[in-house]
Amino acid sequence: MRTLSSWWLRAMAESFKWQGLPINELFAAANIPLAELSSQTARYPQASVSMLWKQAQAMLPNTHLGLYVGSNMNVRAIPVVGMAIIQSTQLLSAFRLILRYQKLMGDTHNVSLIDHGSEYELRFNFSDGERDMSLLSYEAPMAFCVKIARTVKGKDWHPTRICLQRKEPHSEINAHFNCKIEYGSTTHSLFFSENTDSEPVLSSQIKLVTQTNVTQVLRILLEEHLIQGQTTSKAMAKALNMSEKTLQRRLAKEGTSFSKELASLRQQKSVSLLNETDLSVTEIAFLCGYSEISAFHHAFHRWYGMSPKTYKQKMAIIAES
């Protein structure tokens, strides 16, 4: 069963309420307990969310709720990566970041980034595994991606073109996206160009002198770029202005290795976040640079012989005793 996160549902509830909709009745009818949305780890079936969209839109036939919700979501509130996106100056980097962590929002979300050479395509391939989804379940995330782009590039940004499966033209859609729109398409796609953003750029370009302790500088870089997933030895060597082989050689001379330093940072950060925050295990995994939860669980079990959840429970018991 495909699900969406409570974060996305909370944003929908807030927008619906701003529109004067009876959110208690709407969410109850869709079998989504409104009172439980405060949980950071709760997930809800996509089929229920599609039902919620349809019922809410029927109450406001003259307002495109998908555009309204997507364009009014708070970028800063995106789990884990919101502030990183706001601080980004490059659109492609921002989109890559949100796609890397899209499963935080739901496992129905399967947005792919396709490089066509002259332009890029964000293709939205969602499914609830059972039936056709509401068109709003596509169009709201597309509007949210435009919100992200306008946060990074300014309010006048617009896609180069849009493809929608919606068959009939819609005036609100035309005005919101402000670009060529292909209705009745086989895909939901957002196309954009970003000529200056062809490759992610690390913010720290550090030139080392001969006497510098490479391990100490590497630890600073890894901490800085862990969330972006830019923590390969090749990327770090480039930031340190040396070849990958030179980095490996100098680390070995200092009695360590790249993989050892990365694992050590992830271990320390994961324990700190488990002990000191209320973040979910999923959020902590992504903050530690893991794009898949299973990889984090395997690593944590290797470190401590137990799951992150069990570790957190044991630490809570120790703290209370």
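# Exercises on a predicted model

An open sheet of five strands, with mixed pairing, has the order 3-4-7-5-6. The structure is a predicted model.

## Exercise 1. The edges of the sheet

Task: state which strands stand at the edges and what this leaves on one side of each.

Solution.
1. Start from the strand order, 3-4-7-5-6.
2. Strand 3 and strand 6 (180-182) are the edge strands; each has a single partner strand, so one side of each is without a neighbour in the sheet.
3. For the twist, take neighbouring strands and ignore direction: on average they are turned by 15° against each other.

## Exercise 2. Strand 4 and its partners

Task: describe the pairing of strand 4 with strand 3 and with strand 7, and decide whether strand 4 is largely enclosed or not.

Solution.
1. Strand 3 (residues 111-115) pairs with strand 4 in the antiparallel sense, over five bridges. In this pairing D115 stands opposite Y120 of strand 4.
2. The hairpin of strand 3 and strand 4 has four residues between the strands, and G117 in this hairpin takes a positive phi near 90°.
3. Strand 7 (residues 188-192) and strand 4 are also antiparallel, over five bridges. Opposite E121 stands F191 of strand 7, while the bridge partner of R123 in strand 7 is S189.
4. Helix 6 (residues 91-100) packs on the sheet and touches strand 3, strand 4 and strand 7; the direction of helix 6 makes about 145° with that of strand 3.
5. Helix 7 (residues 135-153) lies across strand 4, strand 5 (161-163) and strand 7, and runs at about 15° to strand 7.
6. Strand 4 covers residues 120-124, and four of these five residues are buried, so strand 4 is largely enclosed by the rest of the structure.
7. One further detail concerns F191: R161 lies over the face of this ring, at 3.6 Å from the ring centre.

## Exercise 3. The surroundings of I32

Task: locate I32, decide whether I32 is buried or exposed, and list the contacts of I32 outside its sequence neighbourhood.

Solution.
1. I32 has its place in the loop between helix 2 (23-29) and strand 2 (43-45).
2. The relative accessible area of I32 is 1%. Buried means under 20%, so I32 is buried.
3. With neighbours within four places in sequence left aside, the contacts of I32 are L9, F27, L37, Y44, S48, V49 and L52.
4. For Y44 there is also a backbone distance: the C-alpha atoms of I32 and Y44 are 7.1 Å apart, and the two residues are twelve residues apart along the chain.
5. Take F27 next. Under the same exclusion of neighbours within four places, F27 is in contact with L9, A13, F16, I32, L34, L37 and L52.
6. Compare with N31, found in the loop between helix 2 and strand 2. N31 has 64% relative accessibility and so counts as exposed.
7. The phi of N31 is near 60°, a positive value in a residue other than glycine. Most residues other than glycine have a negative phi.

## Exercise 4. The nonpolar cores

Task: name the residues that touch the most other members of the largest nonpolar core, and the element that gives the largest share of this core.

Solution.
1. The largest nonpolar core has 80 residues, of which L9, F16, F27, I85 and L190 touch the most other members.
2. Helix 7 gives the largest share of this core, eleven residues.
3. Another core lies apart from it and has 17 residues, including V217, A235, A237 and L262.

## Exercise 5. Aromatic rings

Task: classify the pair of W8 and F144, and state why this pair ties together parts that are apart in sequence.

Solution.
1. The structure holds 13 aromatic pairs.
2. In the pair of W8 and F144 the rings are 6.1 Å centre to centre, with 75° between the planes. Planes over 60 degrees apart count as edge-to-face, and the pair is accordingly edge-to-face.
3. W8 belongs to helix 1 (residues 6-18) and F144 to helix 7, so the pair ties together parts that are 136 residues apart in sequence.
4. W8 is buried, at a relative accessible area of 3%, and F144 is buried, at 3%.
5. Elsewhere, one aromatic cluster is formed by Y290, F296, F300, W303, Y304 and Y311. Over the ring of Y290 sits the charged end of R266, 4.2 Å from the ring's centre.

Note on methods
Residues numbered from 1 in each chain as written. Predicted model: local features only at pLDDT ≥ 70, side-chain atom pairs only at ≥ 80, totals over all residues. Heavy atoms only, no water. Helix = DSSP H or I, 4+ residues; strand = E, 2+ residues; numbered from the N terminus. Buried < 20%, exposed > 50% of the residue type's maximum accessible area, 1.4 Å probe, protein only. Contact = heavy atoms within 4.5 Å. Pairing = 2+ DSSP bridges. Axes fitted to C-alpha atoms, helices over the stretch in contact; angles between N-to-C directions. Core = buried A, V, L, I, M, F, W, Y, C linked by side-chain atoms within 4.5 Å. Phe/Tyr/Trp six-rings, centres within 6.5 Å; stacked < 30°, edge-to-face > 60°. Lys NZ or Arg CZ within 6 Å of the ring centre and 35° of its normal.
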